[in-house]
Amino acid sequence: MTRTLLIDNIGELTTNDESLGAGLGGRLADAAVVIEGDRVAWVGPASQAPAADERFDAAGRAVLPGWVDSHTHMVFAGDRTAEFEARMAGESYAAGGINVTVEATRAATDEALAANLERLVAEARRDGTTTMETKTGYGLTVADELRSARVAALHADAVTFLGAHVVPAGADPADYLDLVTGEMLDAVAPHVSAVDVFCETGAFDDEQTARILSSATAKGLATRVHGNQLGHGPGTRLAVEHGSLSVDHLGFLTDADIEALAGSWEHGQRGTAAGATGTARGTVATVLPACDLSTRMPLAPARKLLDAGAVVAIASNCNPGTSYTSSMSFCVATAVLQMGLTIQEAVRAATLGGAIALGMHEDGWVDPRGAIQPRVGVVSPGARADLQLLDAPSVTHLAYRPGMRLTGAVWRAGSRVG
Ligand code: NIG
């Protein structure tokens, strides 16, 4: 018999399902949730909640979906404290630091990489994150990218191939492009669901990015782009043209870029690009507030993106170079305090927005271990039971009390993980 758990006496429940509650976030007061096995079975007023095998008293506190972190680089070794200190002393971020982590990662054992990933995932869970994408990209040889993908698959919910992070030190750019779109892609493809490209000065240019995205699409893989992080450029335009699931960073956007992102949802771009998958119709604009702060770059114009009609996700970009935090709570607070989002918009972007960016907002996505999974990012019957309880009466406290540890309990697929 599948066990059931009743969480009741919820002061404020954010469901992200507008058919269940009020306003953006589909919020309910005095609510209850019943979990059966790994799924949500029932959501509604506490006074009408059915009986269950066990009961958890939320004591008037807020419950919301677990964070969906759609952009991390968690398979790495080494430390870049010195680079961070130099940046805080006035040096600017350049993609060159990636090779420092590449060197350390290549020298690490599989066990050390897996242990570091496990440590980072545990940190994220304690902050309420229940779904996590992570990327390769610090191996940059066929063997090292392959093992990075295998290590990532131990703990991540989605694995992205980022062989096109930078041209590794000592490699010929043309030869490396052939490798990344040929032998390396062939080796890694069975272990990943998407391919990412760092489209930026110092990484991959317009033509190279287009070739990498096309090679991924031809393999039946979804695509993502790191775009417009260090300056204006073609990243966002290419992501939209190729029907990418998301384009991430976005500190330097033109009005045309913003219109393209919003328009991708109007015109059904995704699904029309060859090989692109999913029924959602557009490219998600993923903003990375912790990275913008840690690199002292302009904050992505999340307010303008939402006003234009784009779909926005918030992610941590946890990595040792530009954003060494997995705290989605911190990112949500920053999005409210510095980017001009309402708390409801920020919470939605960090939950359902991330799920859409990963193609996990609908049932039937396949995790890296081959298991078919229900949708995430919502608290709604049938969805995976991924929830977090705040030691606070409302989600507003995430921004009202920034820096405070408010995560009181975390359930992932129905099990208590934090
Ligand atoms: O998303 N922009 C490229 N990749 C990472 C940074 C990687 C690094 O510096 O190690 C990012 O910020």
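Q: Which atom of the ligand is 2.7 Å from the side chain of glutamine 229?
A: A nitrogen atom of the ligand, and its partner is an N or O atom of glutamine 229. That's a polar contact (a pair of N or O atoms within 3.5 Å).

Q: What kind of model is this?
A: It's predicted: local features need pLDDT of at least 70, side-chain atom pairs count only at pLDDT 80 or more, and totals for chains, interfaces and linings use all residues. Residues are numbered from 1 along each chain as its sequence is written, and side-chain values use heavy atoms, leaving out hydrogens and water.

Q: Back to the ligand, how far is tyrosine 93 from its oxygen atom?
A: A polar side-chain atom of tyrosine 93 sits 2.5 Å from an oxygen atom of the ligand. For arginine 80, an N or O atom in the side chain is 2.6 Å from a ligand oxygen.

Q: New topic: how many residues are in the largest nonpolar core?
A: 86, and Leu261, Leu305, Ile314 and Leu398 have the most contacts inside it. Such a core is a set of buried Ala, Val, Leu, Ile, Met, Phe, Trp, Tyr and Cys residues joined through side-chain atoms within 4.5 Å. Buried means under 20% relative accessible area (1.4 Å probe, protein chains only).

Q: Which helix gives the most to this core?
A: Helix H3, residues 110-126, with 6 residues. Helices here are DSSP runs (H or I, at least four residues), numbered from the N terminus.

Q: And why does the core lie between the domains?
A: Because domain 1 (4-66 + 377-416) and domain 2 (67-366) both give residues to it. Those bounds come from an automatic or database domain assignment.

Terms used
Buried < 20%, exposed > 50% of the residue type's maximum accessible area, 1.4 Å probe, protein only. Helix = DSSP H or I, 4+ residues; strand = E, 2+ residues; numbered from the N terminus. Polar contact = N/O pair within 3.5 Å; in protein donor to acceptor, adjacent residues only side chain to side chain.
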